[in-house]
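Work through the exercises below with the sequence and the model side by side, and try each task before reading its solution.

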Amino acid sequence: MSGAINLSDTIEKYLPAELGGFMRLAGEAAAGRKQGFYLVGGVVRDLLLGQTNLDLDLVVEGDAIALGQALAQARQAKITAHPRFNTAKLQWDGWSVDIATARSESYARPGALPDVKPGRIQEDLSRRDFTINAMAVYLSPGRYGELIDLYGGRADLERKLVRVLHDRSFIDDATRIWRGLRYEQRLDFQLEENTLRLLQRDVSMLDTISGDRIRNELELVLKEKLPEKVLRRAEELGVLQRLHPSLKGNRWLSEKLAQARHLSHTSPPSIGIYLALLTYRLSGQELECLISYLRLPKSLSQVLRDTISLKDTLQALADPELKPSQVYQMLHGCSLPAITVNLLACEASTASQHIHLFLDKLRYVKPALTGDSLILMGVAPGPGVKQVLDLLRQARLNGEATAKRDEQAMVSDWLARNRIKVPADKSNVERRHEP
Ligand code: CTP
């Protein structure tokens with residue numbers, strides 16, 4: 001089957017000339033070292049689909065770092081080498097390519113990272129996840145552009161199928177379960193019948209994978225254009241429940257994720273917003289379990305916690321009698337994504353009006369007077385300054401103070417009221433510093 005198809009025209013059509021030129025140069029350099037050199041993985045799949053993918057994964061049958069160093073010199077590129085994995089990343093003028101040593105892999109036990117040995121391209125392709133990702137293109141001069149398709153990847157692309165290479169694939173590496181769902185939904189493909197059966201058989205293998213690796217997979221899902229499709233399918237196949245049994249990939253989630261995109265129209269919503277919508281239905285305790293299982297970073301965990309605690313405030317926030325200062329009190333200090341998520345999630349229109357009011361107006365309200373000006377007016381440095389600033393902000397929020405002089409009058413009042421409490425025997429200076 002190999003050699004029947006040549007993709008050099010497709011490469012020219014869908015990849016920038018700079019990358020095409022680099023691949024030819026690199027193929028020649030590798031040939032000079034008597035090493036086979038190939039384009040592999042997702043970019044080959046996407047070329048066959050007529051799509052541009054700039055994430056070039058290159059494989060050499062030999063030392064990737066040594067070849068990378070020679071190529072880095074030729075292109076004046078920055079090289080980042082990982083001797084442990086024998087890989088090198090080259091970056092120049094905004095371009096970036098990864099070079100790896102062809103390898104064979106074996107798994108000591110399910111979920112473990114594989115034992116790796118240098119190998120030939122055939123072995124390297126045989127360790128891959130799906131037929132559509134297990135194709136390569138020769139880059140050596142003379143064979144430049146020839147497709148290597150040992151597992152029928154091109155036919156599966158035509159039939160729109162995601163198919164594993166062998167029956168132990170998900171046992172070897174259960175992250176492929178999430179990967180399979182991602183490709184199926186992204187490309188509008190189907191899991192091939194036997195692959196689907198194996199996935200359902202091996203879904204419990206997800207528990208053999210470390211939380212860090214699962215988090216990584218989940219992040220990749222949330223970076224997809226339409227993550228809700230993957231999450232819905234993940235629920236259908238019992239995959240989502242392996243993250244936490246209370247998670248749902250239902251219509252509500254689909255709608256909310258789409259609304260989040262609509263709201264942030266310029267760039268895709270942050271992972272925090274998507275994840276907080278996914279975890280919205282969890283109790284505080286359930287959320288803590290998930291946070292520690294996935295070892296989520298601090299700031300992301302805070303967004304999720306803020307979201308859930310704000311959810312408990314929504315009922316109070318729906319009270320039409322609330323003063324603006326009370327709305328402010330309930331919402332300030334919460335992370336912005338947590339507020340956005342609650343805005344998306346809340347059905348109560350008064351609560352959403354209050355959140356809009358906070359986002360559009362209240363959060364920007366500040367008194368005209370500063371801490372320094374309060375001290376000059378006689379407020380003692382210390383907690384009293386904040387107390388008065390808070391009072392002034394409250395007055396501004398509720399429209400009770402609209403100009404600087406209103407604030408000055410309030411401060412004078414406050415000083416007068418607080419001076420009353422000063423014992424008569426204290427000196428004037430001391431009194432001035434009494435809060
Ligand atoms: N791969 C694999 N098993 C995994 C992860 C990766 O076999 N668990 C292989 C696949 O051949 C994949 C390649 O490594 O194509 C590169 O991995 P990655 O960059 O994650 O995948 P892409 O195919 O480039 O996917 P995407 O389009 O999502 O970036």
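**Exercise 1.** In which helix does serine 169 lie, and is serine 169 buried or exposed?

Solution. Two conventions come first. Residues are numbered from 1 along each chain as its sequence is written. The model is predicted, so that local features need pLDDT of at least 70 and side-chain atom pairs count only at pLDDT 80 or more, while totals for chains, interfaces and linings use all residues, and side-chain values use heavy atoms, with hydrogens and water left out.

Serine 169 belongs to helix H7, which covers residues 169-172; helices here are DSSP runs of H or I with at least four residues, strands are runs of E with at least two, and both are numbered from the N terminus. With a relative accessibility of 0%, serine 169 is classed as buried, where buried means under 20% relative accessible area, exposed means over 50%, and partly exposed is in between (1.4 Å probe, protein chains only). Once neighbours within four places in sequence are set aside, serine 169 contacts Asp129, Val164 and Arg176, a contact being heavy atoms within 4.5 Å.

**Exercise 2.** Describe the shell around the ligand, beginning with its members and ending with the polar pairs.

Solution. The ligand is surrounded by 14 residues, and the closest are Arg45, Asp129, Asn133, Tyr183 and Arg186; a residue is near a molecule if one of its heavy atoms lies within 4 Å of it. By class, the shell holds one nonpolar, four polar and nine charged residues, with Ala, Val, Leu, Ile, Met, Phe, Trp, Tyr, Cys and Pro counted as nonpolar, Asp, Glu, Lys and Arg as charged, and the others, Gly among them, as polar.

Next, assign the shell to helices: H3 (42-48) and H8 (175-187) each supply at least two of its residues, and H8 gives the most, with six.

Then look at individual atoms. An oxygen atom of the ligand lies 3.3 Å from a backbone N or O atom of glycine 42. A nitrogen atom of the ligand is 2.9 Å from an N or O atom in the side chain of aspartate 173, and a polar side-chain atom of tyrosine 183 is 2.9 Å from an oxygen atom of the ligand. Taken alone, the ligand exposes 570 Å², of which the protein buries 75%; accessible areas come from the Shrake-Rupley method with a 1.4 Å probe, and for residues only the protein chains shown count as cover.

**Exercise 3.** Which side chain makes a polar contact with the side chain of asparagine 53, and what surrounds leucine 56?

Solution. Asparagine 53 sits in the loop between H3 and S2 and is buried, with a relative accessible area of 15%. Its side chain makes a polar contact of 2.8 Å with the side chain of aspartate 46; a polar contact is a pair of N or O atoms within 3.5 Å, where within protein one must be able to donate a hydrogen and the other to accept it, and residues adjacent in sequence count only if both atoms are side-chain atoms. A polar atom of the asparagine 53 side chain also lies 2.9 Å from the backbone nitrogen of aspartate 55.

Leucine 56 lies in strand S2 (residues 56-60) and is buried, at 1% relative accessible area. Not counting residues up to four places away in sequence, leucine 56 touches Leu15, Leu19, Met23, Leu39, Val43, Ser96, Val97 and Asp98.

**Exercise 4.** Why can helix H13 be called largely enclosed by the rest of the structure?

Solution. Count the buried residues of H13 (residues 271-278): seven of its eight residues are buried, so the helix is largely enclosed by the rest of the structure. The buried residues are Gly272, Ile273, Tyr274, Leu275, Ala276, Leu277 and Leu278. Their cover includes H10 (211-222), H11 (227-236), H12 (251-263), H15 and H18 (336-345).

**Exercise 5.** Where is arginine 295 placed, and what is notable about its phi?

Solution. Arginine 295 is in the loop between H14 (284-294) and H15 (298-311), and is exposed, with a relative accessible area of 55%. Its phi is positive, about 45 degrees, although arginine 295 is not a glycine. Most residues other than glycine have a negative phi.
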